[in-house]
Structures are given as C-alpha cells and as structure tokens.
Amino acid sequence: REITHKAGYKSHKIIDLNFSSLAELKKQAGTYQCNIDDIHFEGVEFSGRDISRGVKIPKEIDELVAEESGWHAGDGSLYTNAKNSYVYCMAGDKNEERDFYDYVSMSFKKIYNFEAEPQEVAGGKGYGVHISSKAIYTYKKNYLGFNAGEKADIVEIPTKIMNSEEESIKLAFVRGLADTDFTITFDKKHAQ
C-alpha cells in the first residue's frame with residue numbers, strides 16, 4: 001500500500017488489475033480466511049468488507065459459540081446505524097470487567113476470525129467490544145435468532161441452543177449468561 005500510494009495509485013486499483021480482488025490476492029498468498037463458500041444458512045450475508053477481512057461464521061454451534069451467545073444475551077445488542085452499518089456490541093463495567101472483555105476479544109478471534117479490540121464505550125462509562133460486520137450481524141439475527149434493539153425487552157435463549165441435544169451446549173450458554181448477568185454474594189449476616 002505504501003509503494004502504490006507513493007506512486008500515486010490507490011492500492012485497490014493495483015490489486016484489482018493483478019488479482020481481480022483483495023480476496024483473490026489473500027487466497028494466492030495463503031492468508032484468506034473467509035468461509036463464505038461453506039456457509040449456507042438462510043439470511044446470513046457477507047459484505048465485501050467481511051470477505052476482505054476474512055470473517056468466518058461458525059458452521060455449527062459448539063460450546064464456545066453457545067457461551068458467546070450467553071454473553072450476547074447478558075451484555076450484547078445488535079443494531080444498524082445511520083451509515084447502514086451492521087453492528088454487534090457488548091459492554092460492561094469499565095472498572096470490573098476489563099479482563100473479561102480481553103477474554104471476549106480473544107474468543108471473537110477464535111469464533112469469527114475478527115479482531116475486536118476492547119475499548120471504552122458509552123462516553124467512557126463502559127468497556128467492551130464494537131463490531132461492524134454484516135456477516136456476524138445477520139448470523140446472530142437471522143440464524144441464531146437474536147433480535148435487534150435494546151436487549152432488556154427482547155432477549156431470549158436462541159431456539160437452536162435451547163433445542164440442542166447436547167446438554168453441554170445449553171450449559172455453555174448459561175455459563176456465558178452467568179459471566180455477564182449473575183452475581184454471587186457471601187454474606188455472614190444471613191448464614192445459619
């Protein structure tokens with residue numbers, strides 16, 4: 001990109017001339033990660049940006065996907081903004097949940113091949129991750145069944161998780177929800 005910029009060209013034009021697309025360049029370089037050709041879930045759509053960034057959608061619901069769905073139920077939301085961006089964000093207390101959101105960020109890389117750098121959100125009041133991806137948004141909304149909008153009034157356990165024959169999938173969802181919304185308190189005054 002630096003060389004093409006110094007030569008007065010936009011890097012995408014050079015890539016398009018020689019490789020037809022950034023995705024094709026990444027395929028030839030062995031760094032292409034996107035699995036658009038393997039995903040045939042109804043309503044899941046990849047944007048050109050998702051493809052060039054190598055976003056992957058899980059082919060099945062495993063324990064990590066179920067746990068991340070629990071995090072979504074507890075602290076997440078889906079929405080579109082004025083720029084027609086498809087957004088998935090999760091946030092919690094900036095003082096108490098920094099380590100947790102660092103772990104969430106690593107999990108997003110494993111699940112979606114998406115670099116989601118944790119940051120302060122909500123004007124510095126919260127800490128979390130903010131993802132702009134049509135593939136992830138449409139997977140969570142149209143395949144898993146999460147609704148867009150404020151989570152407090154609309155969150156449900158995804159049917160695909162609730163109806164899973166594997167108990168470990170259901171337990172992973174509850175574990176994820178507990179990570180975000182449950183509290184354990186040890187109080188001597190109520191002990192018998």
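Is serine 107 buried or exposed? I took this question up at the outset, working from a predicted model.

**Entry 1: serine 107**

I looked up the relative accessible area of serine 107 and found 2%, so I recorded the residue as buried. I then located serine 107 in helix 6, which spans residues 98–112. Leaving aside residues up to four places away in sequence, I noted that serine 107 touches Leu64 and Trp71.

**Entry 2: salt bridges**

How many salt bridges does the structure hold? I recorded eight. I followed up several pairs, described in the entries below.

**Entry 3: glutamate 45 and lysine 134**

I found a salt bridge between glutamate 45 and lysine 134, with the closest N and O atoms 3.0 Å apart. Glutamate 45 sits in the loop between helix 3 (22–29) and helix 4 (48–53), whereas lysine 134 belongs to helix 7 (residues 134–144), so this pair ties together parts that are 89 residues apart in sequence. I also checked accessibility for both partners. Glutamate 45 has a relative accessibility of 38% and therefore counts as partly exposed. Lysine 134, at 22%, counts as partly exposed; the cut-off for buried is under 20%.

**Entry 4: glutamate 67 and arginine 175**

I next examined glutamate 67 and arginine 175, whose side chains meet in a salt bridge at 3.6 Å, N to O. Glutamate 67 lies in helix 5 (residues 63–75) and arginine 175 in helix 9 (residues 167–181), and the pair links distant parts of the chain, 108 residues apart. Which of these two partners did I find to be buried? Glutamate 67 has a relative accessible area of 9%, so I entered this residue as buried. Arginine 175, by contrast, has a relative accessible area of 38% and is partly exposed. I noted further that Glu63, Glu67 and Arg175 are linked in a network of salt bridges.

**Entry 5: glutamate 120 and arginine 98**

I returned to helix 6, the element that holds serine 107, to look up a salt bridge of arginine 98. The side chains of arginine 98 and glutamate 120 meet at 3.0 Å, N to O. Because glutamate 120 lies in strand 3 (residues 119–121) and arginine 98 in helix 6, the pair ties together parts that are 22 residues apart in sequence. I recorded glutamate 120 as partly exposed, since its relative accessibility is 42%. Arginine 98 is likewise partly exposed, with a relative accessible area of 32%.

Key:
Residues are numbered from 1 along each chain as its sequence is written. This is a predicted model: local features need pLDDT of at least 70, side-chain atom pairs count only at pLDDT 80 or more; totals for chains, interfaces and linings use all residues. Side-chain values use heavy atoms; hydrogens and water are left out. Helices (H or I, at least four residues) and strands (E, at least two) are DSSP runs, numbered from the N terminus. Buried means under 20% relative accessible area, exposed over 50%, partly exposed in between (1.4 Å probe, protein chains only). Contact means heavy atoms within 4.5 Å. A salt bridge is a side-chain nitrogen of Lys or Arg within 4 Å of a carboxyl oxygen of Asp or Glu.
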